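Dear colleague,

Please find the structure below, with its sequence. My findings follow it, beginning with the backbone and ending with the ligand site.

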Amino acid sequence: MSDFSDYKGTWVFLEVKDGEIVPVSLELLGAGRQLADKRTTQLAGVLVGHNVTPLAKKAFEYGADVVYVYDAPIYRHYRTETYMRAILACVEKHKPEILLYGATSTGKDLASAVATDLPTGLTADTTQLDVEADTGLLLASRPAFGGNIMATILCKKYRPQMATVRAKVMKPLAREPGRAGTVIEESIPLEEADIRTKVLEIVRATTHRVRIDEADIIVAGGKGLGGPAGFQLIHRLAETIGAAVGASRDVVEAGWVEHHHQVGQTGVTVTPKIYFAIGISGAIQHIVGMQNSGLIIAINKDPNAAIFQCCHYGIVGDALAIVPLLIEAFKTALT
Ligand code: FAD
């Protein structure tokens, strides 16, 4: 194996959105802390943005020992080129052994750009992380072959070892108010004129509906609803109890709802307090995205449906008859 003795420490890219470190980055500090402790090394965060330096305090309170900060107006909006250059410079200068990113659209974009330029390996959508204490090899595991097996992926020949990790799969540490660390201010020569991408305007999608990755209650529907008209029952039940709408992939592919409602391996991983799975068969690719929900209630007309293996309460019957009754019952209870 090559000599990687110069590469030390576990790093987390601290993604910032609307002036806050995003939750998945805090979750990664929790996971990164365990890796760093196993290697008896430091846990560092990398912050890139404009006016982001004060956020380092929060990273320390969630487990970081060091935060490298690239704070300049040129980083005000995420752009692959500017952020990638900052990360590349930091990696080349300080040589981390492991570098983790949230599997958000920003994290995925940035990690793949950095991996290509370095070059090094990148394990995408990791759901478990461990490290060999003696060799420092990162054991990045993720579902493979349609979710039927867990593959553990190693990067033996390059450093840093990189992985993107899905939101809500790892747990953040309990916040330790006042926990301190070292801020290291970094900068690289970067001129606006050298950057090919310009952000002209940010247009935010407006929705009155609850987002599935933040919802306490999700009402998810599958092909058992029969069609877009049947799926409207899912929207109505969700609206009645203030829940978000989730869906199986088959429903999304049929065009009944947009992709951002999809729960599962190729959708969003969710951990609401209550998850209704209605007319959903319970394929493994769906289960991996919702199995850690607090309370799972399934409705399916097939008593042998796989979803009944992972739910807390199951109702065997026709969803098209049961859901309207639930809507009326909840309406009465909530008025
Ligand atoms: P079906 O499997 O058709 O099940 C419909 C269910 O509804 C059945 O159990 C049936 O008994 C029940 N039913 C029918 N009529 C009624 C009724 N009137 N009342 C009550 N119940 C009724 N799937 C995901 O969901 N998310 C993913 O992220 C995802 N990623 C994938 C990635 C890969 C690589 C692959 C290969 C597949 C992926 N899938 C994913 C697809 C997955 O394998 C299943 O095909 C899909 O989840 C099935 O969707 P469904 O349960 O809605 O439909």
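Thr40 is located in the loop that runs between helix H1 (23-38) and strand S4 (43-49). Its phi is near 40°, which is a positive value in a residue other than glycine. Please bear in mind throughout that this is a predicted model.

Two cis peptide bonds also deserve a place in this summary. One is the bond from Leu118 to Pro119, with omega near -15°. Pro119 belongs to the loop between H4 and strand S7 (122-126). The other is the bond from Arg159 to Pro160, where omega is near -5°. Pro160 sits in the loop that links strand S10 (149-153) and strand S11 (161-165). Should you prepare the model for calculations, these are the bonds I refer to as cis: Leu118 to Pro119 and Arg159 to Pro160.

Helix H4, which precedes the loop of Pro119, also takes part in a helix packing. Helix H3 (residues 80-94) packs against helix H4 (residues 105-117) at an angle of about 55°, and their axes are 9 Å apart. H3 is therefore oblique to H4. As for handedness, the crossing of H3 and H4 is right-handed.

I turn now to the ligand. Which residues come nearest to it? Of the 24 residues around the ligand, these are Lys223, Ser248, Thr266, Ser281 and Asn300. By class, the shell around the ligand divides into four nonpolar, 14 polar and six charged residues. Two helices, H6 (249-253) and H7 (284-287), each supply at least two residues of this shell.

Several polar contacts to oxygen atoms of the ligand can be listed, with the part of the residue involved:

- Arg249: a backbone N or O atom lies 2.9 Å from an oxygen atom of the ligand.
- Gly279: a backbone N or O atom lies 3.1 Å from an oxygen atom of the ligand.
- His286: here a polar side-chain atom is involved, at 2.9 Å from an oxygen atom of the ligand.

How much of the ligand does the protein cover? On its own, the ligand has 980 Å² of accessible area, and the protein covers 77% of that.

In short, the ligand site combines backbone atoms of Arg249 and Gly279 with a side-chain atom of His286, within a shell that includes 14 polar residues.

Yours sincerely,
A colleague

Conventions
Residues numbered from 1 in each chain as written. Predicted model: local features only at pLDDT ≥ 70, side-chain atom pairs only at ≥ 80, totals over all residues. Heavy atoms only, no water. Near = heavy atom within 4 Å. Polar contact = N/O pair within 3.5 Å; in protein donor to acceptor, adjacent residues only side chain to side chain. Areas by Shrake-Rupley, 256 points an atom, 1.4 Å probe, with all protein chains shown as cover. Helix = DSSP H or I, 4+ residues; strand = E, 2+ residues; numbered from the N terminus. Nonpolar A, V, L, I, M, F, W, Y, C, P; charged D, E, K, R; others polar. Axes fitted to C-alpha atoms, helices over the stretch in contact; angles between N-to-C directions. Parallel < 35°, antiparallel > 145°, perpendicular 65-115°, else oblique. Left-handed = near helix turned anticlockwise from the far one by under 90°.
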